[in-house]
Number of protein chains: 6
Amino acid sequence: MSGIVVQTIHRADAMVIDGLAHCGVATVHEAQDRTGLFASYLRPIYSGSRIAGSAVTISAPPGDNWMVHVAIEQLMPGDILVIAPRSPCEDGYFGDLLATSAMARGCRGLIIDAGIRDVRDLTEMGFPVWAKAVFAQGTIKASLGSVNVPVVCAGAQIKAGDVIVADDDGVCVVPRATAADVLAKAQAREANEGEKRSRLAAGELGLDMYKMREKLAEMGLQYV
Amino acid sequence: MSGIVVQTIHRADAMVIDGLAHCGVATVHEAQDRTGLFASYLRPIYSGSRIAGSAVTISAPPGDNWMVHVAIEQLMPGDILVIAPRSPCEDGYFGDLLATSAMARGCRGLIIDAGIRDVRDLTEMGFPVWAKAVFAQGTIKASLGSVNVPVVCAGAQIKAGDVIVADDDGVCVVPRATAADVLAKAQAREANEGEKRSRLAAGELGLDMYKMREKLAEMGLQYV
Amino acid sequence: MSGIVVQTIHRADAMVIDGLAHCGVATVHEAQDRTGLFASYLRPIYSGSRIAGSAVTISAPPGDNWMVHVAIEQLMPGDILVIAPRSPCEDGYFGDLLATSAMARGCRGLIIDAGIRDVRDLTEMGFPVWAKAVFAQGTIKASLGSVNVPVVCAGAQIKAGDVIVADDDGVCVVPRATAADVLAKAQAREANEGEKRSRLAAGELGLDMYKMREKLAEMGLQYV
Amino acid sequence: MSGIVVQTIHRADAMVIDGLAHCGVATVHEAQDRTGLFASYLRPIYSGSRIAGSAVTISAPPGDNWMVHVAIEQLMPGDILVIAPRSPCEDGYFGDLLATSAMARGCRGLIIDAGIRDVRDLTEMGFPVWAKAVFAQGTIKASLGSVNVPVVCAGAQIKAGDVIVADDDGVCVVPRATAADVLAKAQAREANEGEKRSRLAAGELGLDMYKMREKLAEMGLQYV
Amino acid sequence: MSGIVVQTIHRADAMVIDGLAHCGVATVHEAQDRTGLFASYLRPIYSGSRIAGSAVTISAPPGDNWMVHVAIEQLMPGDILVIAPRSPCEDGYFGDLLATSAMARGCRGLIIDAGIRDVRDLTEMGFPVWAKAVFAQGTIKASLGSVNVPVVCAGAQIKAGDVIVADDDGVCVVPRATAADVLAKAQAREANEGEKRSRLAAGELGLDMYKMREKLAEMGLQYV
Amino acid sequence: MSGIVVQTIHRADAMVIDGLAHCGVATVHEAQDRTGLFASYLRPIYSGSRIAGSAVTISAPPGDNWMVHVAIEQLMPGDILVIAPRSPCEDGYFGDLLATSAMARGCRGLIIDAGIRDVRDLTEMGFPVWAKAVFAQGTIKASLGSVNVPVVCAGAQIKAGDVIVADDDGVCVVPRATAADVLAKAQAREANEGEKRSRLAAGELGLDMYKMREKLAEMGLQYV
């Protein structure tokens, strides 16, 4: 099961990917029926990033970052690295040298269910990372893992080439096959939210706007 | 026990509330005999806010934000929403649309023992939130909770109309009935701290300023 | 075992200490064979600090900060306070008054396996802290602890006078006796990294630069 | 707020208390509208106990068990000690000597949002404890707390004299005033469950017994 | 994505399933290249069980156990229920009534990434459960989930009909397609371990038995 | 720093070690001034064991159990293995084969700040283990660690040859040099506790036995 590098992966359309980035995690997650969200313990190392890209996945042995070097060769501009250790680990798999190499290949960021280091450098370089921990503990290069195989990362299932969307709200995966459809739904939500936002800002209540009063009364809500 | 909305709540004096905000959580907490502090896992979504306001409380079913809409109608300018789920949950109960609506009613912020989303928007809007998690997972509108009933939120007991104080140090509740008295004590502490700060800044030691040396020697402290 | 203040401690050379600060935690940790790292749950209260200094250690009873006053008298310019409670605790041992006093003695920062408060003030004062929690809960002054005895803090062993290095990546301790040697190795790593960084930035792959391909093939890595 | 011992507390009827013990936590919790449950991190030190009793509450300073001695004097046969530290703590407040003393007063058990020690002795003595941790770390006797004041313990609000119910499922509190009513509802649930259990054991499906099929179809459930 | 019940699933051969149960989690996990393990926070509610069965999966809304009733109809003798909430939750989805119903259908046990209640009854009934928490908090029946769709449960990916193996060491999933092959490898490991066990019990060292001394010396291990 | 096996270690007197086992963790910990306790997250895999022995320490790479084989050769009858990974890890370093080998050398048990597997076998063999997790995840044999060097394990500092005491209350280390002295103090405590226990069992209050009433009144305790 280990020791495999899948070289050919299919990616979603670049316009679709960028559209998803613009919509952001919360909207995209809603648009695809509340699926694909990564666990909340993945946090951005700095705030304000909003990215989307195609997943290049790494199934890594705990505390061993050898496969990251292998994966970087598979990166195409616009990709996002997704590292899933095979057992819980918070060692620092990734730092400024790997980020330099990944950026040189056009990589847009990293999602990792483990630790990260060189946070200051990564911040200065503008290389966004969503990680479980910041931890300087180094890793070794002794065992094989795999690249571009399906992984579970922070509770989400990702296939290589799926679209990863990440911002201050966390990380979400959109299966490649449904990405265009999800984008359409996400954009519809956004359009719809604009009008709602204006009405709420003007003081209209959600109770009225969503016509909730009758249903609440039926359920037995009592005002005292 | 569920399904009740208390419409009339009593609030503390606005000057008292603003005075408590100015003193900040650490001083207020000391001034009321170290009571009322929320658990440390509630963290601000951005740093630098320092607010106080009257609690409008929500006892919510886990993963169900229906009562937030009900509570917003009960908000008066200067209030703070306090959301306590009935069982542990980190779903995202609250985002930019609800914040827009709450701000339109004069709400000063949100304290929530659960998750939050649209962090970037909330930050841009200047709507401060202290939350257990940032998590895009949406909620449903299926079950009743209650509004303005007493709740336990992150280990603290809050009654509607109590004063909530929140800043980078966390969140503290001051019972409405004692708010003026607590403010007086907090301000006395502040005045007192100013002089201490100057003396310490000038190099005087706490050991001397607080006359601790004799007591420490009595207890058996040995310098070697 | 408690109730002892060691007054004379030996410190590393000031140039060595400053050199270690410049190298940063990740590099120093690597340079000393991946030892001395504190647990990742210690986080800076604000980002961007990079300090090193001589450890003045405090073994404190849980929820009791009396010994901090005792320790401050032992501070010399360039020192860093290291507080290790004797059992797990997140109470706020330290705030702006103690920081004022410590800064007046030339203290460069605080490492604490417990809580901290007055975060906004500490940030404005530019006094960096790495802590387990932000928590306004106050402490008492009832029991003795010790100052400048060996402690375990967040999993790391520290002797008074050891060099503490702390930045956005966390905290690391370098034994005083080996500090100069570790600095030399750290600087060698840095020099070496500069060249690697340039090559990687230019697009060279780690697989080639580190000559990993043959070894990976030998291990059985398959490209499919 | 600290330093108060309330000597006179009102207790529920002994038959009601014993009836609630017999129903158990899950049924009692349901019978009172899913309120009063303690957090799940409180675990019994040994399995198989099922108790109920009147709460004698202790608001204790962290790491200080002095008030336990004070509270033991307030115990009446059939009471249960409830210890709530004022800030998070896992020190061992209670061991075999205190249990001996409490049992001599007719105490039925201990609920503690902190640590416990002498687990083997307590098990042999048959003194049941629900605790956050097993930890031998001792406590001090330096600060006052209060006895029989309202407390929040593991997220639940308890007033002295309320009925505590505890078994392998956890711990639940029933307000004294509603205890008889809750018992009646709990017993009704039990009676009702007996018949359901028989039908389910005989192979009838919940889908049919609860007539869920139509509602599920309406909601859009699809069998494929 | 929600609201789907897959009625026809394929199961592994009964002899294979029982063989895997006999081998146990640790051996099976090794036999399939260290894949398929559930997170360690899933713990058995009582020790000593060792089961295997075909997964009937439930993707459930948080705090909503409606789909469990739907899933029970899909159970065949020898199956194991696998419940994966769609966001983190520790509510008690399952108790003695559901267990009675599941046992009536021949269900061998439950794996749940959430809470469980009626632990004493389940233990007496001999219905084994591996759960994240014991928590009496009830659930609602308001939203649809799905049955027999692929799920991620405690970090593992499960398809309906895959073989679940569970014992005191935790829980592991074996894909249906490879179950016979994994069993063969697991049995080979067991046979092999018997001989090793005898030699080790007789005092032979692993260093010699596995011929490790030369490799260790090569790596630089020094005896001092 | 890694790759060292210290072959000659000094052990405490066998009678002292056995005496400490008899006193148990809580008493020993008190007798040495509340030092040496391991973190409470180390739990016994089965209850009822009470052991003491000389520490044979292992500083292990995360997820790599090679050094365990090396350490077993260093075991003498009456020793206890203490495994400290160099970064946080819950992989299963140890199972029934290693336990068979360790028992053949007279090893009394294992303390490990990581995971363990084959729990059922270990329980049947009567080989007691205190571990952070039960997790079947296997480890590799790729990197060197060290044996019988000083380690920090679950927050405690251990030198090879120190006395480890472990029972249902957790784990404690007694430095070899002070073991006889600590035993004397522990036995004095035990003798002293016997009389106290009898008086408390007879109904005498701790308030009276320890003469606390006056001090409490002085501190301001009010009975209302």
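## Exercises on helix packing and unusual phi values

Helix α1 (residues 14-23) and helix α6 (residues 179-201) of chain F pack with their axes 9 Å apart, at an angle of about 35°. That pair makes a good warm-up; keep in mind that you're working with a predicted model.

**Exercise 1. Describe the contact of α1(F) with α6(F): which residues meet, and what is the handedness of the crossing?**

*Solution.*
- Step 1: Start with the handedness. The crossing of α1(F) and α6(F) is left-handed.
- Step 2: List the α1(F) side. The residues here are M15(F), V16(F), G19(F), L20(F), H22(F) and C23(F).
- Step 3: Now the α6(F) side. These residues meet A179(F), A180(F), V182(F), L183(F), A186(F), Q187(F) and E190(F).
- Step 4: Sort them by class. You get nine nonpolar residues, three polar and one charged.

**Exercise 2. Helix α4 (residues 96-104) of chain A and helix α6 (residues 179-201) of chain C belong to separate chains. At what angle do their axes cross, and which residues make the contact?**

*Solution.*
- Step 1: Look at the geometry. The axes come within 8 Å and cross at roughly 20°.
- Step 2: Put a word to that angle. Anything under 35 degrees counts as roughly parallel, so α4(A) and α6(C) are roughly parallel to each other.
- Step 3: Check the handedness. This crossing is right-handed.
- Step 4: Pick out the residues. From α4(A) come D96(A), L97(A), T100(A), S101(A) and A104(A), and from α6(C) come E193(C), K196(C), R197(C), L200(C) and A201(C).
- Step 5: Sort by class again. The contact of α4(A) with α6(C) has four nonpolar, two polar and four charged residues.

**Exercise 3. Walk along helix α6 of chain B. What is its span, which of its residues are buried, and what do they pack against?**

*Solution.*
- Step 1: Take the span. With 23 residues, α6(B) reaches 32 Å from its first C-alpha to its last, close to the 33 Å expected.
- Step 2: Find the buried residues. They are A179(B), V182(B), L183(B), A186(B), E193(B) and L200(B).
- Step 3: Think about the spacing. An α-helix has 3.6 residues a turn, so residues three or four places apart point the same way. Try that idea on V182(B) and A186(B), both of them buried.
- Step 4: Name the partners. Within chain B, the buried residues pack against α1 (14-23), α2 (25-31), β10 (163-167), β11 (170-174) and α7 (206-209). Another partner is α4 (96-104) of chain C.
- Step 5: Step off the end. Just after α6(B), G203(B) takes a positive phi of about 105°.

**Exercise 4. Where do N148(D) and D118(E) sit, and are they buried or exposed?**

*Solution.*
- Step 1: Get the background straight. Most residues other than glycine have a negative phi.
- Step 2: Compare N148(D) with that. Its phi is near 65°, a positive value in a residue other than glycine.
- Step 3: Place N148(D). It's in the loop between β7 (146-147) and β8 (151-153) of chain D, and it is buried, with a relative accessible area of 6%.
- Step 4: Turn to D118(E). This residue isn't a glycine either, yet D118(E) has a positive phi of about 65°.
- Step 5: Place D118(E). It lies in the loop between β5 (109-116) and α5 (119-125) of chain E. At 13% relative accessibility, D118(E) counts as buried because the cut-off is under 20%.

Terms used. Residues numbered from 1 in each chain as written. Chains lettered and ligands numbered in written order. Predicted model: local features only at pLDDT ≥ 70, side-chain atom pairs only at ≥ 80, totals over all residues. Heavy atoms only, no water. Helix = DSSP H or I, 4+ residues; strand = E, 2+ residues; numbered from the N terminus. Expected span 1.5 Å × (residues − 1). Buried < 20%, exposed > 50% of the residue type's maximum accessible area, 1.4 Å probe, protein only. Contact = heavy atoms within 4.5 Å. Axes fitted to C-alpha atoms, helices over the stretch in contact; angles between N-to-C directions. Parallel < 35°, antiparallel > 145°, perpendicular 65-115°, else oblique. Left-handed = near helix turned anticlockwise from the far one by under 90°. Nonpolar A, V, L, I, M, F, W, Y, C, P; charged D, E, K, R; others polar.
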